[in-house]
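Me: Walk me through this structure in short questions and answers. Keep the reasoning visible.

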2 protein chains.
Amino acid sequence: MSGGSLESQIRRMALTARRAAWQLAVMKTARKNQILRGMGRGLIAGGRTILSANGRDMRRAKQKGIGGALLDRLLLNPKRIREMAEGLFEVARLKDPVGERIAQWTAAQGIKISKVRVPIGVIGIVYEARPNVTADCAGLCLKSGNSVILRGGSEAFDSNRAIFRTLEQAGRSAGMPAGAAQLVQTTDRRAVAILLGQIGLVDLVIPRGGMGLIRRVMEVARVPVIKQTHGVCHTFVDASADLGMAQRIAYNAKVQRPGVCNAMETLLIHRQAAPKFLPALYERYAAAGVELRGDPTVRKILAGRLVQAAQPQDWDTEYLAKVLSIRVVPSLEEAIAHIRRHGSGHSDAIVTRSKRNAERFLAEIDSACVYHNASTRFTDGGQFGLGAEVGVSTDKIHARGPMGLEGLTTYKYLVRGKGQVRAG
Amino acid sequence: MSGGSLESQIRRMALTARRAAWQLAVMKTARKNQILRGMGRGLIAGGRTILSANGRDMRRAKQKGIGGALLDRLLLNPKRIREMAEGLFEVARLKDPVGERIAQWTAAQGIKISKVRVPIGVIGIVYEARPNVTADCAGLCLKSGNSVILRGGSEAFDSNRAIFRTLEQAGRSAGMPAGAAQLVQTTDRRAVAILLGQIGLVDLVIPRGGMGLIRRVMEVARVPVIKQTHGVCHTFVDASADLGMAQRIAYNAKVQRPGVCNAMETLLIHRQAAPKFLPALYERYAAAGVELRGDPTVRKILAGRLVQAAQPQDWDTEYLAKVLSIRVVPSLEEAIAHIRRHGSGHSDAIVTRSKRNAERFLAEIDSACVYHNASTRFTDGGQFGLGAEVGVSTDKIHARGPMGLEGLTTYKYLVRGKGQVRAG
């Protein structure tokens with residue numbers, strides 16, 4: 001970044017992005033795919049440079065005392081670079097949503113209306129440690145005809161810059177318009193607020209990161225935002241559940257990958273099922289190293305075994321770890337009431353043999369994804385068959401649940417007439 | 001409003017609305033229609049009370065020196081009350097969008113996914129003088145299964161309260177849940193900011209009013225907002241236009257109802273068409289009392305006739321009056337560039353015989369509604385055949401253009417399995 005204040009620099013980026021968006025909106029699918037494949041090949045060819053930039057980020061992070069999961073998210077290696085490239089090749093293979101005719105009809109005085117899918121325009125992505133977001137989002141935005149302004153976390157500053165330069169160079173030589181993808185190359189935190197204030201130039205910002213980031217974005221945003229807050233996902237084991245199935249589902253939802261948003265955080269069990277269900281499940285969880293936090297009934301049933309007493313805040317906590325809160329409820333109604341009170345509207349499941357209870361749960365739980373007899377872990381663009389995803393929206397506006405290419409589009413109405421004017 | 005701080009009062013309203021939303025989400029269509037018809041009949045029966053409340057608002061407004069268009073917007077009379085009631089009867093006749101199965105497919109490991117249309121939840125409506133918005137929005141939100149918190153302008157305080165009480169009483173006795181519709185009954189301006197800060201309780205706020213209101217809402221909103229900013233609508237008369245048709249369209253778009261958002265504010269004319277087109281059109285506009293503001297070429301062509309010199313700000317102005325800015329452009333490209341620079345993304349039209357130019361204009365102009373050979377005045381839920389509208393969105397997120405019942409819904413994914421768990 002050079003020249004002028006941060007405000008004017010960001011504004012200039014937004015204006016450049018707007019101009020690029022006009023070109024991207026009418027770009028042929030074949031050309032977009034060519035650019036995406038060029039970017040993917042560029043990543044593989046530029047792997048050494050990217051890894052050496054990532055090495056600098058990793059050293060800085062270690063000096064700062066950053067460790068564990070965060071350090072792992074930051075790390076790049078040849079396998080991860082290949083995955084980034086393959087992600088771009090996959091996006092090239094996805095169906096282009098732009099231009100789809102959503103509906104068509106004849107309206108007042110014979111005017112002919114087509115509702116067609118078009119890009120949103122200029123999209124801002126504000127994200128944290130994972131440098132792969134740089135490539136993923138550049139690819140998804142390009143395929144959906146949007147220009148993108150990327151703003152990564154300071155920990156991944158060098159990695160993001162190296163990835164971005166590679167993508168830009170490869171993209172430009174395959175025909176990408178100038179400004180179609182831009183990276184905010186400063187660690188100055190004010191840049192986010194300025195980007196979020198570009199009314200009329202930035203059409204949408206998608207934050208990708210922890211609740212701290214999401215809250216900051218919500219505080220300062222003046223432009224539309226679609227966000228994924230958190231996933232406090234529930235599984236309710238009903239009185240009539242097939243207990244073997246319930247065990248497999250509850251185990252999978254907690255253990256298969258505990259650190260992600262669609263993992264279960266709270267298990268609710270109907271009191272008729274609990275005495276038989278809990279002891280067997282306990283053994284499996286204990287073997288997997290899951291820490292349990294139960295209500296008094298749970299602790300009574302599992303007396304003599306290691307179960308912490310659940311505290312009030314447990315019911316609202318996204319552990320993202322091998323920790324599970326468990327509650328016994330007297331009825332389906334109470335399970336629904338619990339989820340309404342404590343859920344985050346992400347993914348919730350019922351395990352039951354009762355079709356009636358299943359349909360009630362599906363109708364009355366207002367979450368992005370509601371499951372009957374399946375693990376909440378399926379909430380994912382790939383598992384749903386939607387292709388690569390930008391994230392899982394817990395908003396109700398525009399895109400809800402796994403947000404793929406279609407979530408990055410809007411529509412416009414084309415009205416064709418023969419000289420019609422409005423009467424009256 | 002009584003008891004506790006304004007903050008806690010609004011929060012209580014939001015919590016009540018949330019509970020009501022759960023009931024509305026699963027309410028049968030027939031019951032919702034019954035409530036709507038009951039409300040309509042209630043308005044007719046309660047007309048005298050509403051008119052006397054409106055009389056108080058009108059007297060207060062006149063004392064404050066309010067006049068003209070604003071006073072007319074505030075005024076209720078028996079005809080307008082009947083129209084409000086008929087609006088509710090019409091909404092009762094509209095198709096219920098809730099429960100529609102948008103898509104259905106089988107995904108990973110045979111899980112069956114249905115994407116179904118559901119209400120958004122709790123909607124806030126912040127509006128200005130027109131008291132009919134109280135009934136219109138209460139009806140549209142109810143039909144789409146949402147609970148609504150209404151916040152009208154202080155000028156219409158008594159009218160809104162009288163309308164709301166009538167609706168509530170009639171609605172409740174037809175089975176409307178408590179809290180399904182609520183009115184913020186204070187003129188304290190802080191109420192709007194508090195309502196716009198109810199993260200997690202209010203799912204969407206729709207402001208309806210002038211740019212001052214919209215800007216205030218954008219400044220303070222922490223919850224999602226869909227807005228209609230303004231309509232700087234263009235008509236471009238191309239070189240090959242049928243000039244008779246162009247005249248009818250340009251006249252209609254400006255004169256038929258100048259005070260609305262889909263009226264034309266700027267006329268662009270290809271330089272080849274201008275010399276023949278402008279003098280004839282001038283006579284029609286002059287007869288209708290339209291004030292013209294032209295660029296130098298326009299003023300040269302219309303030399304000796306009354307045309308003001310357009311100032312730079314004219315190209316960005318929504319007159320909402322019998323005023324029109326006119327510019328002669330050398331090409332289709334320049335017309336498109338002008339609209340991109342100055343348009344508001346609402347409605348823009350091309351008049352041309354060239355199919356190629358028409359398709360280019362339709363593709364390259366990124367407005368909610370883009371017209372070929374028709375008047376921009378058709379941008380309207382009723383004219384489009386979408387039924388009653390909440391407004392015309394100039395946002396690109398969620399709902400764009402005329403926003404009807406479907407715009408007040410979202411979707412969720414219902415996933416049905418047979419015990420599937422995620423592999424890996």
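**Interface, helices and core**

Me: How many residues of chain B are in contact with chain A?
Reply: This is a predicted model. The partners in chain A number 61 residues. On the chain B side, the residues in contact are 61.

Me: Which element gives the most to the side of chain B that touches chain A?
Reply: Several elements of chain B each supply at least two residues to that side, among them α1 (6–25), α10 (243–255) and α14 (355–364). The residues of that side divide into 31 nonpolar, 16 polar and 14 charged. With eleven residues, the element that gives the most is β16(B).

Me: Which residue in β16(B) is the bridge partner of C369(A)?
Reply: Strand β13 of chain A covers residues 369–374. Five bridges join it to β16(B), and the two run parallel. For C369(A), the bridge partner is Y413(B).

Me: What arc do the buried residues of α3(A) cover around the axis?
Reply: Helix α3(A) has 17 residues and reaches 24 Å from first C-alpha to last, close to the 24 Å expected. Its buried residues are G47(A), I50(A), A53(A), N54(A), D57(A) and M58(A). They lie on the same side of α3(A), because the arc they cover is only 145 degrees.

Me: Which residues are exposed on the other side of α3(A)?
Reply: An α-helix has 3.6 residues a turn, so residues three or four places apart point the same way. The cover over the buried residues of α3(A) includes α2 (29–45), α4 (68–74), α5 (78–93) and α7 (157–173) of chain A. On the other side, the exposed residues are R48(A), S52(A), R59(A), K62(A) and Q63(A).

Me: Which residue takes a positive phi just after α3(A)?
Reply: Helix α3(A) spans residues 47–63. Just after it, a phi of about 85 degrees is taken by G65(A).

Me: How many residues of α6(B) are buried?
Reply: Helix α6(B) covers residues 132–143 and reaches 17 Å, close to the 16 Å expected. Its buried residues include D136(B) and K143(B). The helix is largely enclosed by the rest of the structure, because of its twelve residues the number buried is eleven.

Me: What phi does G145(B) take?
Reply: G145(B) comes just after α6(B). Its phi is positive, at about 80 degrees.

Me: Which residues touch the most other members of the largest nonpolar core?
Reply: That core has 244 residues. Leaving aside neighbours within four places in sequence, V205(B) is in contact with residues including V126(B), L195(B) and V223(B). The residues that touch the most other members are V205(A) and V205(B).

Note on methods: Residues numbered from 1 in each chain as written. Chains lettered and ligands numbered in written order. Predicted model: local features only at pLDDT ≥ 70, side-chain atom pairs only at ≥ 80, totals over all residues. Contact = placed C-beta atoms within 7 Å. Helix = DSSP H or I, 4+ residues; strand = E, 2+ residues; numbered from the N terminus. Nonpolar A, V, L, I, M, F, W, Y, C, P; charged D, E, K, R; others polar. Pairing = 2+ DSSP bridges. Expected span 1.5 Å × (residues − 1). Buried ≥ 20, exposed ≤ 12 C-beta atoms within 10 Å, placed from the backbone. Arc of directions from axis to C-beta. Core = buried A, V, L, I, M, F, W, Y, C linked by C-beta atoms within 7 Å.
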